[in-house]
Amino acid sequence: WNKVGASNSPDERYLQSVAFDETRKVVVMFGGLAAPYNASPTPRQDIWEWSPTTGAWTNRTSTGTNPAVRSGAGLVFDSSRNKFVLFGGRAGSGYNYQDTWEWDPTTGAWTDRTTAGTVPSSRCQGTMVLRKARARCCFSGRPQHQRRHHRS
């Protein structure tokens, strides 16, 4: 192992969401729990990209409407549309989300794609994959069977 990256990098964290952008050849990270030494974990909603070519991190956190802070969300890159899809995750209060968001790396804008009607149950800390042949995302995670966090 070799440590790579510059002084401009995300803070220490865990349960972040990570996906690889096949088009631009960068690793994209969203949110997670920041856990500086001897401090309480803090949920994040920032977006960072890491380039394997340069070894540099770039903060891509956007302004405007973003998904709420969370950890353990599913994230996948849809190369046919050049967008990332984010689902679920856990709020700082401990409740799981059941919302769906898209992030466009070209514009840096988030779009809430949560639909009315039937949606997957709220969950976190799972794995999300894209089934390209069927153009569908699959997410397996830890459902929360108690109370759910609903967006208002």
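This note goes through a predicted model point by point, from the overall fold to single residues.

1. Overall make-up. The chain contains 11 strands and zero helices, so its pattern along the sequence is simply β repeated from start to end. Of its 152 residues, 39% count as buried. The exposed surface comes to about 8900 Å², and carbon and sulfur atoms supply 50% of that area. Among contacts with a separation of 6 or more, 44% are between residues 24 or more positions apart.

2. The nonpolar core. The largest nonpolar core has 13 residues, and the members that touch the most others are Val28, Ile47, Phe84, Leu86, Trp103 and Trp110. Strands β3, β6 (74–78), β7 (83–87) and β8 (100–104) each give two or more residues to this core. The largest share, three residues, is from β3.

3. Phe84. This residue is buried, with a relative accessible area of 1%. Leaving out neighbours within four places in sequence, Phe84 is in contact with Ala19, Asp21, Val28, Leu75, Val76, Phe77, Trp101, Glu102, Trp103 and Pro105. Two of these contacts, Asp21 and Glu102, come up again under the salt bridges.

4. Aromatic pairs. The structure holds six of them. In one, the ring centres of Phe84 and Trp103 are 5.7 Å apart with the planes at 45 degrees; the pair is therefore tilted, since the angle falls between the 30 and 60 degree cut-offs. Phe84 sits in strand β7 and Trp103 in strand β8, so that the pair links parts of the chain 19 residues apart. Trp103, like Phe84, has a relative accessibility of 1% and counts as buried. A further pair is Trp101 with Trp110: the centres are 6.3 Å apart and the planes stand at 85 degrees, which makes the pair edge-to-face. Both Trp101 and Trp110 are buried. These four residues, together with Phe30 and Phe77, form one aromatic cluster.

5. A charge over a ring. Arg70 lies over the face of Tyr97, at 4.0 Å from the ring centre.

6. Salt bridges around Glu102. The count of salt bridges comes to 10. Glu102 takes part in two of those described here, one with Arg81 and one with Arg113. For Arg81 the closest N and O atoms are 2.5 Å apart. Arg81 lies in the loop between β6 and β7 and Glu102 in strand β8, so this bridge ties together parts that are 21 residues apart in sequence. For Arg113 the N to O distance is 3.1 Å. Arg113 is in the loop between β9 (109–112) and β10 (123–131), 11 residues from Glu102. Glu102 is buried at 9% relative accessible area, whereas Arg81 is partly exposed at 37% and Arg113 is partly exposed at 42%.

7. Other salt bridges. Arg24 and Asp21 form one, with the closest N and O atoms 2.7 Å apart. Here too the acid is buried, Asp21 having a relative accessible area of 1%, while Arg24 is partly exposed at 33%. Separately, Asp11, Arg13, Arg44 and Asp46 are linked in a network of salt bridges.

8. Positive phi angles. Most residues other than glycine have a negative phi. Two residues to inspect on this account are Leu15 and Lys25, neither of them a glycine: phi is about 55 degrees at Leu15 and about 60 degrees at Lys25. Leu15 lies in the loop between β1 (13–14) and β2 (17–21), and Lys25 in the loop between β2 and β3 (26–34). Leu15 is partly exposed, with a relative accessible area of 29%. Lys25 is also partly exposed, at 47%, because this value is between the 20% and 50% limits.

9. Buried loop positions. Ser51, in the loop between β4 (42–50) and β5 (57–59), counts as buried at 15% relative accessibility. Not counting residues up to four places away, Ser51 touches Val26 and Ala56. Gly72 is in the loop between β5 and β6 and counts as buried at 5%. The C-alpha atom of Gly72 is 5.9 Å from that of Gln16, although the two residues are 56 apart along the chain.

Definitions and conventions
Residues are numbered from 1 along each chain as its sequence is written. This is a predicted model: local features need pLDDT of at least 70, side-chain atom pairs count only at pLDDT 80 or more; totals for chains, interfaces and linings use all residues. Side-chain values use heavy atoms; hydrogens and water are left out. Helices (H or I, at least four residues) and strands (E, at least two) are DSSP runs, numbered from the N terminus. Buried means under 20% relative accessible area, exposed over 50%, partly exposed in between (1.4 Å probe, protein chains only). Contact means heavy atoms within 4.5 Å. Accessible areas come from the Shrake-Rupley method with a 1.4 Å probe; for residues, only the protein chains shown count as cover. A nonpolar core is a set of buried Ala, Val, Leu, Ile, Met, Phe, Trp, Tyr and Cys residues joined through side-chain atoms within 4.5 Å. Rings of Phe, Tyr and Trp (its six-membered ring) pair if their centres lie within 6.5 Å; planes under 30 degrees apart count as stacked, over 60 as edge-to-face and the rest as tilted. A charge sits over a ring if NZ of Lys or CZ of Arg is within 6 Å of the ring centre and within 35 degrees of the ring normal. A salt bridge is a side-chain nitrogen of Lys or Arg within 4 Å of a carboxyl oxygen of Asp or Glu.
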